[in-house]
Amino acid sequence: MWFVFFKSEMMEAITILYIGRNLEILTTVVRLINSNENWNGVGVMNDEEAKNVFLKKDFSLVLLGSGILEESETNLCAFFNKQNPNIIIVQHYGGGSGLLKSEILLALENNET
């Protein structure tokens with residue numbers, strides 16, 4: 001099961017894939033992502049869904065939530081980088097909406113330089 005919340009696209013949106021293992025946290029993170037009018041968030045709970053969704057949509061950034069085992073994280077990162085060598089991958093372990101926004105903005109800014 002994956003969650004998508006789309007908004008009207010006035011300008012090119014940053015599309016973010018969030019992978020988490022806890023449904024409540026996943027729902028909250030996707031809601032927070034989508035509270036920014038320039039971002040569109042998609043959330044998934046397992047590796048196969050993440051890979052399938054990633055192949056169907058052009059993501060700008062992948063957020064890895066807490067609870068993902070190291071082996072899964074390694075495999076996911078290898079898969080995403082193979083499909084899109086320019087993909088930005090960020091680990092997000094929580095800390096509220098301010099930290100989430102800062103992590104995303106910093107990752108996007110670092111990718112531009």
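Modeller: Before we look around, one rule: aromatic rings pair if their centres lie within 6.5 Å. By this rule the count here comes to 4 aromatic pairs. Keep in mind that this is a predicted model.

Colleague: Why is the pair of phenylalanine 54 and phenylalanine 59 called stacked?

Modeller: Planes under 30 degrees apart count as stacked. The planes of phenylalanine 54 and phenylalanine 59 are at 10 degrees, with the ring centres 6.0 Å apart, so the pair is stacked.

Colleague: What makes the pair of phenylalanine 54 and phenylalanine 80 tilted?

Modeller: Stacked is under 30 degrees, edge-to-face is over 60, and the rest count as tilted. For phenylalanine 54 and phenylalanine 80 the angle between the planes is 45 degrees, at 4.5 Å centre to centre, so by the rule "tilted" is the word.

Colleague: Which parts of the chain does that pair link?

Modeller: Distant ones: phenylalanine 54 is in helix 2 (residues 47–56) and phenylalanine 80 in helix 3 (residues 70–83), 26 residues apart. There's a cluster here too, formed by Phe54, Phe59, Phe79 and Phe80.

Colleague: How do you know whether phenylalanine 54, phenylalanine 59 and phenylalanine 80 are buried or exposed?

Modeller: Buried means under 20% relative accessible area. Phenylalanine 54 has 6%, phenylalanine 59 has 3% and phenylalanine 80 has 0%, so each of these counts as buried.

Colleague: What makes you say that a charge sits over the ring of phenylalanine 79?

Modeller: The distance part of the rule asks for NZ of Lys within 6 Å of the ring centre. The charged end of lysine 51 is 5.5 Å from the centre of that ring, and sits over it.

Colleague: Aspartate 47 is in helix 2. Why is aspartate 47 counted as buried or exposed, whichever it is?

Modeller: Its relative accessibility is 17%, and the limit for buried is under 20%, so aspartate 47 counts as buried. Its side chain also joins that of arginine 21 in a polar contact of 2.7 Å, where the cut-off is 3.5 Å.

Colleague: And how do you know that strand 2 and strand 3 pair?

Modeller: Pairing needs at least two bridges. Strand 2 (residues 14–19) and strand 3 (residues 39–44) are joined by 6, and run parallel. Strand 2 also pairs with strand 4 (residues 61–64) in the parallel sense, over 4 bridges. Leucine 17 has valine 42 as its bridge partner in strand 3 and stands opposite valine 62 in strand 4.

Note on methods: Residues are numbered from 1 along each chain as its sequence is written. This is a predicted model: local features need pLDDT of at least 70, side-chain atom pairs count only at pLDDT 80 or more; totals for chains, interfaces and linings use all residues. Side-chain values use heavy atoms; hydrogens and water are left out. Buried means under 20% relative accessible area, exposed over 50%, partly exposed in between (1.4 Å probe, protein chains only). Helices (H or I, at least four residues) and strands (E, at least two) are DSSP runs, numbered from the N terminus. A charge sits over a ring if NZ of Lys or CZ of Arg is within 6 Å of the ring centre and within 35 degrees of the ring normal. A polar contact is a pair of N or O atoms within 3.5 Å; within protein, one must be able to donate a hydrogen and the other to accept it, and residues adjacent in sequence count only if both atoms are side-chain atoms.
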